[in-house]
Amino acid sequence: MKNYRIAAICLALAVSISLTAQHRADRQSLNDENSFSMILLGDPQGYTKYDINQPILELCTAWIADNIDRLNIEAALCTGDLVEQNENITMNRKMLNQTSREMWESASRSFARLDNKLPYIIGCGNHDYGYKSSENGRTKFPEYFPFERNSCWRDIIVSDYPNRNGDISIENAAFEFKAGPGSPAALEAWGPILVICAEFAPRDEVLEWARKLCTSDRFKDHKVFFITHSFLYQRSAARTDNEKYKIRPANWGAQIWEKFVKVTPNVRFVICGHTGKPGDFEDSVAYRCDLNDAGVSVHQMMFNVQIVGGGWEGNGGDGWLRILEFMPDGKTLKVSTYSPLFGISPSTKHLAHRDGECDRFDIVF
C-alpha cells in the first residue's frame, strides 16, 4: 500500500508539472522531418556592447539549445564580431556601456548555453582584434572560447591553424559533419560536409592551409562550407576589397575568392557578415552565386542584422537569425529568417517571420 501511495504521488506531480510547463508561443518545425539544420547568427556585437541588450543574445542561444532535437540542428554558425572592442576600458558612452571584458563575458555566457550540447563555429571579426578595431592581431577570443569548454568539438574537429599570435585557437579550424547511427536521412543524402572558419582578413598561409585541406585525399569529396567575416558588401553583393584596417597581412573578399574559393573545387558555400548600414532589411543581407574554376556553383551569403533593431545603437538586431534547412534530396537548402525575441510571446509572434525575397529562399547545390 505504501508503494502504491508513493507511485500515485509521483504520478500526480508529473501531471502537475506537465500542466504548468512553459508552452512555447511559436514552436518551429522543419519542412521535412528527415531534414537537418544549421542555425546562423549574424554579428552579435550590438547585443554585447550594452548590458540591456545582452539577454537578447542569450535568448537566441537558449532558443537554439531548446530546438536541437526539434529542428535536427547539427551546428550553430556565427559571422563574428562577438564584441565591439577587443581590449579597451575607456568607454565611449555614445556607442557602448560595457568594457571589453564585460562584452567578452557576455558573449562567452551566451554561447555557454550550447556547450556540451551543440558545436558552434565562429568566423572572428574585425572588432574581435586589436584594441578598438583591428589595429593588430591581438585577440581575447582563445581566452574566452578555449577548445576544452565544449565537448561537442572533440569528435568533429579535423584540423586547425595557429592564429596571428602563433597560438592554437579555433579561429582557424575545420569541422567534419557526416551521417552516423540515428542521423537524419538528409545528412546521409548530402554526404560528408567540412565547415571551415577563418580569422578576420585571413593571411595567405591560412588560405593555403584551407586549400590544401580541402583538396587532400581525405576531404576532396566533401562539400566545403567556408565562414569568414569580411567577404561581401550588403545589398550589392560585391566582394570586399582594400579595407582600411591596420591589421596586416590581410586578404579581403576579392582576394579570398581568387586565392582560395575560386580555385578549390569543393568549396560550395561561403558565409560572412561584417557589412551593413541602417536602412531596409536588405541593407543587412546579400547573396550571390558564381562558378568556380571547376565550373561548379559557389553560393555566397552575407547576414549581419545588428542595425535592424534601431540602428547602430539600437537593441543589436531584434533577435533575427537564419534557419538553414538541408533537405533530404541532398541538394536543396531552404533559408528562412526568424526571431525568437518576437516568437516567444503570443502578442508578437506574428512578427517573428520575415517573408521577403531576401528573407526566405531556396539554394540548390
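This passage describes the nonpolar cores, a set of paired strands and the internal cavity of a predicted model. Local features were considered at pLDDT of at least 70 and side-chain atom pairs only at pLDDT 80 or more, whereas totals for chains, interfaces and linings use all residues. Residues are numbered from 1 along each chain as its sequence is written, and side-chain values use heavy atoms, without hydrogens and water.

The largest nonpolar core (buried Ala, Val, Leu, Ile, Met, Phe, Trp, Tyr and Cys residues joined through side-chain atoms within 4.5 Å; buried, under 20% relative accessible area with a 1.4 Å probe, protein chains only) comprises 73 residues. Leu77, Leu82, Phe145 and Leu324 have the most contacts inside this core. A separate core of 26 residues includes Ala174, Leu207, Val267 and Ala286.

Strand E8 (residues 267-272; strands are DSSP runs of at least two residues, helices of at least four, numbered from the N terminus) has 6 of its 6 residues buried. Strand E7 (residues 223-227) runs parallel to E8 and is joined to it by 4 bridges, pairing requiring at least two DSSP bridges. Phe226 has Val270 in E8 as its bridge partner. E8 also pairs in the parallel sense with strand E10 (residues 297-303) over 4 bridges, and Cys272 stands opposite Met302 of E10.

On a 1 Å grid over the protein atoms alone, a cavity is a set of points where a 1.4 Å probe fits but cannot get out. The model contains 1 cavity of 30 Å³ or more, and the largest cavity holds about 60 Å³, volume being the space filled by probe spheres set on points joined across faces, edges and corners. Its lining residues (an atom within 4 Å of a point) include Leu41, Asp43, Tyr47, Cys60 and Trp320.

How values were computed. Buried < 20%, exposed > 50% of the residue type's maximum accessible area, 1.4 Å probe, protein only. 1 Å grid on protein atoms, 1.4 Å probe; cavity = no way out; pocket = protein on both sides within 12 Å on 5 of 7 lines; lining within 4 Å.
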